[in-house]
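Please look through the model below with its pairings, its cross-links and its side-chain contacts in mind. The paragraphs after it take these topics in turn.

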Amino acid sequence: LGPASVKILEGGNSYDAFLVYASASQINAILPSHVPAGDAQLTVTYNGVTSPPANFRVVKTRLGIFNTNGAAIAQNVASPTSYPLNLPSAPAIPGQTVLLWGTGMGPIDAADNYPPVNNPTDMSDVPVTITAGGVPAQRLYAGRQSQTAGVDNVYFTVPQNAPLGCWVPVAVTAGGFAANTTTIAISADGSPCR
């Protein structure tokens, strides 16, 4: 990650963010869970030179679903060991479990810079609703992904009466905030959608 660092200033306190990736044009970092909600400032230091502070607001929950051109980064749960990517060529079927990848479910009580391999916890205190094609879906799990620090998963059951198609909209709200709307592919029998 080179000689880069990211610092959060909030309420007179300073917090070091956990760097995940750094390049000449982008830095990815995890906001520590113990930073309280409220107005804050962020600075980046590189080779001993610190940027001017940038203002931002820290909130408890602000889920964002990872996507490519609007299509969710999602997997169909085919078996306990088979999780193929949800694609138009490999759609989910009604009644199947789908998992979405994202970040921003909220703070945890464990270390933010390590994956919770042995203790991924459903954040049941964060209200989560999911719809697929406007039809309410059953929430199965929403919380940290067990193998990646700072990444969250939302598992849900595709409703039996969900519309079929290559680009069925999936809407998720977490903690009262709407995440970005993405899409998944759904077909009646798992054959490629049209």
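What follows is a walk through a predicted model, beginning with a set of paired strands and ending with contacts elsewhere in the chain.

A convenient place to begin is strand 13, which covers residues 128-132 and is joined by three bridges to strand 14, residues 135-144, with the two strands running antiparallel. At the end of this ladder Ala132 has Val135 of strand 14 as its bridge partner. The two strands form a hairpin with two residues between them, and in the turn Gly133 has a positive phi of about 65 degrees. Strand 14 also pairs with strand 15, residues 152-157, again in the antiparallel sense and over six bridges; within this pairing, Gln138 has Thr157 of strand 15 as its bridge partner.

Side chains from strand 14 and strand 15 meet as well. The structure holds one aromatic pair, and it is formed by Tyr141 and Tyr155 in an edge-to-face arrangement, with 5.8 Å from centre to centre and 85 degrees between the planes. Tyr141 belongs to strand 14 and Tyr155 to strand 15, so that the pair links parts of the chain that are 14 residues apart. Because its relative accessible area is 16%, Tyr141 counts as buried, the cut-off for that class being under 20%.

Strand 14 brings the discussion to charged contacts, of which the structure holds five that qualify as salt bridges. In one of them the side chains of Arg144 and Asp152 meet at 2.7 Å, N to O, and both Arg144 and Asp152 are buried. In another, Asp122 and Arg139 meet through their side chains at 2.8 Å, N to O; here Asp122 comes from the loop between strand 12 (97-103) and strand 13, whereas Arg139 lies in strand 14, with 17 residues separating the two in sequence. Asp122 has a relative accessibility of 25% and therefore counts as partly exposed, and Arg139, with a relative accessible area of 22%, is likewise partly exposed.

A further salt bridge is found between the side chains of Arg57 and Asp39, at 3.3 Å, N to O. It links distant parts of the chain, since Arg57 is in strand 7 (residues 54-58) and Asp39 in strand 5 (residues 38-46), 18 residues apart. Arg57 is exposed, with a relative accessible area of 54%, and Asp39, at 55% relative accessibility, also counts as exposed, because this class requires over 50%.

A covalent link comes next: how many disulfides does a search of the whole structure find? The search finds one, which joins Cys166 to Cys193 with an S to S distance of 2.1 Å. The torsion about this S-S bond is about 125 degrees, so the disulfide of Cys166 and Cys193 is right-handed. Cys166 lies in strand 16 (residues 165-174) and Cys193 in the segment after strand 18 (182-186), so the pair ties together parts that are 27 residues apart in sequence. Both cysteines, Cys166 and Cys193, are buried.

The last stop is on the surface, where Phe66, Ile73, Leu85 and Leu87 make a nonpolar patch of about 310 Å². Of these residues, Ile73 can be placed in the loop between strand 10 (71-72) and strand 11 (74-76), and, because its relative accessibility is 30%, Ile73 counts as partly exposed.

Key. Residues are numbered from 1 along each chain as its sequence is written. This is a predicted model: local features need pLDDT of at least 70, side-chain atom pairs count only at pLDDT 80 or more; totals for chains, interfaces and linings use all residues. Side-chain values use heavy atoms; hydrogens and water are left out. Two strands pair if DSSP finds at least two bridges between them. Helices (H or I, at least four residues) and strands (E, at least two) are DSSP runs, numbered from the N terminus. A disulfide is a pair of cysteine sulfur atoms within 2.5 Å. Buried means under 20% relative accessible area, exposed over 50%, partly exposed in between (1.4 Å probe, protein chains only). Patches are made of residues with over 30% relative accessible area and no salt bridge: like charges are joined within 9 Å, nonpolar side chains (Val, Leu, Ile, Met, Phe, Trp, Tyr) within 5 Å. Accessible areas come from the Shrake-Rupley method with a 1.4 Å probe; for residues, only the protein chains shown count as cover. A salt bridge is a side-chain nitrogen of Lys or Arg within 4 Å of a carboxyl oxygen of Asp or Glu. Rings of Phe, Tyr and Trp (its six-membered ring) pair if their centres lie within 6.5 Å; planes under 30 degrees apart count as stacked, over 60 as edge-to-face and the rest as tilted.
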